[in-house]
Amino acid sequence: MDPNQPPVENYANPKTCLFHVLFKGAALAFYILSALFFNSFVIIFVVTVLLAALDFWVVKNVSGRILVGLRWWNEINDLGESVWKFESLDQESLARMNKKDSWLFWWTLYLAAAAWLVLGIFSLIRFQADYLLVVGVCLSLNAANIIGFTKCKKDAKKQFQQFASQTIASRFQSTVQSAFTLV
Amino acid sequence: MSHNDTIPLYQSSQSDIDEIENMMNGGLQSGPGTVLPARPPSPIRPSIPVSSSPFVQSNLPPLPPSSSSVPAPPSLPPAVNFGSSEGSKTIGFGSPPNTLTEPVWDTVKRDLSRIVSNLKLVVFPNPNREDPGKALRDWDLWGPFFFIVFLGLTLSWSASVKKSEVFAVAFALLAAGAVILTLNVLLLGGHIIFFQSLSLLGYCLFPLDVGAVICMLKDNVILKMIVVTVTLAWSSWAAYPFMSAAVNPRRKALALYPVFLMYVSVGFLIIAID
């Protein structure tokens, strides 16, 4: 082993990464390969959409939390308005997040959406409306996750900047106060 | 926790995060910027705990964890739900509920219990029906998804020919129908939230699901008609308060008629399948 080689950072959460990729890949693979084995559209539809829905849930609730420390959801407050809530880990933990994990997270998200887009174009060319339905459902699930997490990341950055400036201001205030009390 | 009169002259062994949190909580109570709504706290719903501080203390150990399981969260009191503008965080008192580091099983249980409670609220008689906006506050689309797929599968199973077309048509009809009905209410000038309405219309399919299963098992035409009529009435009764409350009273019929029409057409689909 070359002693000068820097240690390669491994995945911090291999099981989560696996699940993150597993359902996405299974949905795509099943959709592409099923035409060879199954004659019935119903099975293709149900299994693909089920896998895509499971993937959506896993990404939103599990791998988003563990791999990048972000979470988003929608609530309706007492006034009857729809409110998007975002949650993120504090900056120190975010900085400590494994780089490989977050790279995998974001890139597989984008790649899966691109793959569904390409498959959708194929089925559009072949005028297969029912397969277009499947692709449409899977694409919208992926897009929802991408949009949700991107918004969450931006919101986390904004929050931290606001918070940092607030902290500096209050720290300054308390320092000045303590200076006066000590005099 | 107000500002201390004397600030300790020695460095405490608190971590940076604790220090920041203390200062934040101290600043909160003296800051003029926080506005508390003057109403009693909303009842604790068996659902999403609200993040009550912008940053959640991470439970990640300093060493790289060897497994992906996260430590169990400390038991925390549920936070009061403050209204907030889109995208901004709520700030609360005390230790924040920590949905970011809860175990996966907790998330699953929370989602499942939300589906069950939403179903009970919508389909079964309960005191909250007078205030429709409150009932389906924690909308979710899992329940509707399962019910639509189940109805499609049941219809497809009952059909002796063209099973795939039946399923595709049933799914597309129900999904597109829910979207169009929601748009209808919005265009009539009603106040309803898109996803909440989708969720509601999906949950109201539950009686029709039951009816479809019964019709699949027994092939008697008279029985089918009775069952479908009963479940149709049940579905419409379930959907009525929410849809009618959302629009102007003079336009109630305009909003309700398409809903009824859709359920009637699904009912015909169930009867006519052989």
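B:Arg114 and B:Asp111 sit three residues apart in helix H2 (residues 104-123) of chain B, about one turn of the helix. They also form a salt bridge, with the closest N and O atoms 2.8 Å apart. Keep in mind that this is a predicted model. Here's a quick tour of the salt bridges, then of chain B and chain A.

**Salt bridges**

- Searching the whole structure turns up three salt bridges over all chains.
- In the B:Arg114 and B:Asp111 pair, B:Arg114 has a relative accessible area of 13%, so it counts as buried.
- B:Asp111 is buried too, at 11% relative accessibility.
- Another salt bridge pairs B:Asp219 with B:Lys224, and here the closest N and O atoms are 3.3 Å apart.
- This pair is a mixed one: B:Asp219 is exposed at 63% relative accessibility, whereas B:Lys224 is buried at 6%.
- Over in chain A, A:Asp55 bridges to A:Lys24, with 3.3 Å between the closest N and O atoms.
- That pair ties together distant parts of the chain, since A:Asp55 belongs to helix H2 (residues 41-68) of chain A and A:Lys24 to helix H1 of chain A, 31 residues apart.
- Both A:Asp55 and A:Lys24 are buried.

**Chain B overall**

- Chain B has nine helices and one strand, and its elements run α-β-α-α-α-α-α-α-α-α from the N terminus on.
- Of its 274 residues, 43% count as buried.
- About 14700 Å² of chain B is exposed, and carbon and sulfur atoms supply 68% of that.
- Take the contacts in chain B between residues at least 6 apart in sequence: 74% of them join residues at least 24 apart.

**Annotated spans in chain B**

- An unreviewed UniProt entry carries the annotation "transmembrane region" for residues 141-159, 166-187, 193-214, 221-242 and 254-273 of chain B.
- Residues 193-214 of chain B are 86% helix and 0% strand, with the end C-alpha atoms 33 Å apart.
- For residues 254-273 of chain B, the figures are 95% helix and 0% strand, with 30 Å between the end C-alpha atoms.

**Chain A: strands and a surface patch**

- Strands S1 (residues 70-76) and S2 of chain A run antiparallel, joined by seven bridges; A:Asn74 has A:Trp84 in S2(A) as its bridge partner.
- Strand S2 (residues 82-89) of chain A is largely enclosed by the rest of the structure, because six of its eight residues are buried.
- A nonpolar surface patch is formed by A:Ile32, A:Leu33, A:Leu36, A:Phe37, A:Phe38 and A:Ile43, with about 630 Å² of accessible area together.
- Helix H1 (residues 14-37) of chain A gives the patch its largest share, four residues.
- A:Leu33 is in helix H1 of chain A and is partly exposed, at 43% relative accessible area.

Technical notes: Residues numbered from 1 in each chain as written. Chains lettered and ligands numbered in written order. Predicted model: local features only at pLDDT ≥ 70, side-chain atom pairs only at ≥ 80, totals over all residues. Heavy atoms only, no water. UniProt positions renumbered as here; feature names shortened; annotations may be inferred. Helix = DSSP H or I, 4+ residues; strand = E, 2+ residues; numbered from the N terminus. Buried < 20%, exposed > 50% of the residue type's maximum accessible area, 1.4 Å probe, protein only. Pairing = 2+ DSSP bridges. Contact = heavy atoms within 4.5 Å. Areas by Shrake-Rupley, 256 points an atom, 1.4 Å probe, with all protein chains shown as cover. Patch = residues over 30% accessible without salt bridge, like charges linked within 9 Å, V, L, I, M, F, W, Y side chains within 5 Å. Salt bridge = Lys/Arg side-chain N within 4 Å of Asp/Glu carboxyl O.
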